[in-house]
Amino acid sequence: MCGIVGYIGERRAIDVLLRGLKRLEYRGYDSAGVAIVDGHLKIYKKKGKVDDLSKELDIPNLLGRLGIGHTRWATHGIPNDVNAHPHVSSSGEFALVHNGIIENYTALRDRLIQRGYTFESETDTEVLVRLVEDVRETTGLPLEEALQQALRHVVGTYGIALVSGEDPDLLIAARKGSPLILGVGAGEYFLGSDAAPIIEYTRDVVYLNDGEMVVIRRDGYEVRTIDNIVLNKEVHHLEWDLEHIEKGGYPHFMLKEIFEQPTAIENAMRGRVCLDKNCIRLGGLLDDFETIRNARRVIICACGTSWHAALVGEYLIEGLARIPVEVEYASEFRYRQPIMRDGDIVFVISQSGETADTLAAVREAKRQEIPVFGICNTVGSTIARETDAGVYLHAGPEIGVASTKTFTGQVIVLAMLALELGRDRTLSDDTFTAYLQELGRIPEKIRAVLESDDLIRDIAQLYRYTSNFLYLGRGYNFPVALEGALKLKEISYIHAEGYPAAEMKHGPIALIDQFMPVVFVAIKDSTYDKIVSNIEEVVARKGHVIAITDEGNGQLDNLCEHVIRVPATEEFLSPLLTVIPLQLLSYHIAVMRGCDVDQPRNLAKSVTVE
């Protein structure tokens, strides 16, 4: 992985490819490359950023109208110029870019070496190139049919784009497990791993499903299965536009997206939280709500930040609706042979809707004939298409690799779900009404939290060179502690750990000394007195305490070195407020350390390989 862009039309391909690769930088990568068909095949690739690649190009003289580009996140082989994509056939006839992992590449490589092929790189992708070349030389098939036949021998995942120097009227793409979409313009066509490199030119797209390929020529395209069955695919219209993937005056996408959270939550609730009718309406789940309401057990599968949102969801659904919930790492779910029975339902949570591990959890649930529902942000994504039903966040594109607005979007969707389930089970009409009204106040309360940005920046200044952090919370805010620690690790490269506050005494307290900052989420909720005791224990060992607490609570002022206040709210909604200071703290520390906030090292926005 990580990003693919392709173009065929009347524009100069290099202009489209470079702009597209810049749009795809948010996905995370370590090298970049392009292949241009311009009389013959021209290949350029470079370790580093797209800007480093651009310096190697004679852009004014690259006039070809067909090409492919790639940003690589290393899986097989270290980041260097040789391992970067595109990879080219031995004959120099065609070039290929690839996202995914070819799991049986070693066996294929050994067989191809026996047949006389040599390899320059350490990648599994070059093995795929040689395999297509071998099929083509052995059978004499057209390139698209040779690719089809080669892919039948491949075990693993792929999103592929391919061009030939001998055919300036042909662009081929195929997918299995790694997303690809086709952009349909006026006499021109685009390929992208997502909509980002396409949206500047067209909002009409075709989503490729697993096992499908598209053969594109200047006068049209044809979608087929790998087994050569021609398909009639629907063209979808994207609802968001270019301004959504621009920084809008902010220095980084991450900061923009932190400050977009009030609006993102309003969008998530629009048409769903009906204050005038005193109800919640999750339209995507309406036809299946009886199944959800009668569930014996809810299993939630997710990864990373989405897993932290799922933990909040466990507290929400169990606390408000009294339905048992289990939260699973999607990456482990199918491998431990999960036991699911009639009456169970599965929810999966993914920002991109393309997370490989989470998609595998969907397919495991469906294999066991268990209803599976999705919560994701990306319209038309694979998870959105493969689940039985679901809810979109409507948070808009999230470009920063470290998720912020999608975390709060996921939590607000889970809160709406839990409230609607609780209304039928445990909540009185008056309680439901009070909770619903408070839900409607959350966006303004987040805006109030964001006004603490200057205070949080000052705190960050003091701790920017710290080597370790500890984050502690209880109840609904234990997952917030985990999320705060993850954000700091992701973008500032500071080691940080999150724990339930009571677990501090069971090991982590050994780490606390005058060099250890400890962040406490200390809201005046049902566990507040216990949290204060934990703070006392840290202070007694000379730890530095940063506390997140309610407006009007002065009890911690003389106990903690730093206090950040958020508006009071219902306990079950507090994670939506308490996470904001932790996002800002991580952001400012990372900026002060000179880290690449939007594209942290080694990370990819959408993890589409296992």
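This text walks through two sheets, a smaller set of paired strands and several helices in a predicted model.

Begin with the sheet of seven strands. Its order is S5-S6-S7-S8-S12-S13-S14, the sheet is open, and the pairing is antiparallel. Strand S5 (87–88) and strand S14 (230–231) are the edge strands; each has a single partner strand, so one side of each has no neighbour in the sheet. Helix H4 (residues 124–139) packs on this sheet and touches S5, strand S6 (94–99) and strand S7 (158–164). The direction of H4 makes about 135° with that of S6.

Further along the order, strand S8 (residues 167–176) pairs with strand S12 (residues 212–217) through five bridges, in the antiparallel sense. One pair to look for is leucine 171, whose bridge partner in S12 is isoleucine 216. When following such a strand by eye, it helps to know that in a regular strand the side chains alternate between the two faces of the sheet.

Other strands pair as well. Strand S9 (residues 181–184) and strand S11 (residues 204–207) run antiparallel and are joined by three bridges. Here glycine 183 stands opposite valine 205 in S11. S11 is also joined to strand S15 (residues 236–237), again antiparallel, by two bridges. In that pairing, aspartate 204 has histidine 237 of S15 as its bridge partner.

Next comes helix H9 (residues 304–321). Its 18 residues, at 1.5 Å a residue, should span 26 Å, and the C-alpha atoms at its ends are 25 Å apart, which agrees. Of those 18 residues, 13 are buried, so H9 is mostly covered, where buried means under 20% relative accessible area. After H9 comes arginine 322, which has a positive phi, near 60°.

The other sheet has five strands in the order S24-S23-S25-S26-S27; this sheet is open too, but its pairing is parallel. Strand S24 (495–500) and strand S27 (562–566) stand at its edges with a single partner strand each, so one side of each is left without a neighbour in the sheet. On average, neighbouring strands here are turned by 20° against each other, direction ignored.

Within this sheet, strand S23 (residues 468–473) runs parallel to S24, and six bridges join them. Leucine 472 has tyrosine 499 in S24 as its bridge partner. Two helices lie across these strands. Helix H16 (residues 478–492) crosses S23, S24 and strand S25 (517–521), and runs at about 175° to S24. Helix H17 (residues 528–540) lies across S23, S25 and strand S26 (544–550), running at about 170° to S25.

Technical notes: Residues numbered from 1 in each chain as written. Predicted model: local features only at pLDDT ≥ 70, side-chain atom pairs only at ≥ 80, totals over all residues. Heavy atoms only, no water. Pairing = 2+ DSSP bridges. Helix = DSSP H or I, 4+ residues; strand = E, 2+ residues; numbered from the N terminus. Contact = heavy atoms within 4.5 Å. Axes fitted to C-alpha atoms, helices over the stretch in contact; angles between N-to-C directions. Expected span 1.5 Å × (residues − 1). Buried < 20%, exposed > 50% of the residue type's maximum accessible area, 1.4 Å probe, protein only.
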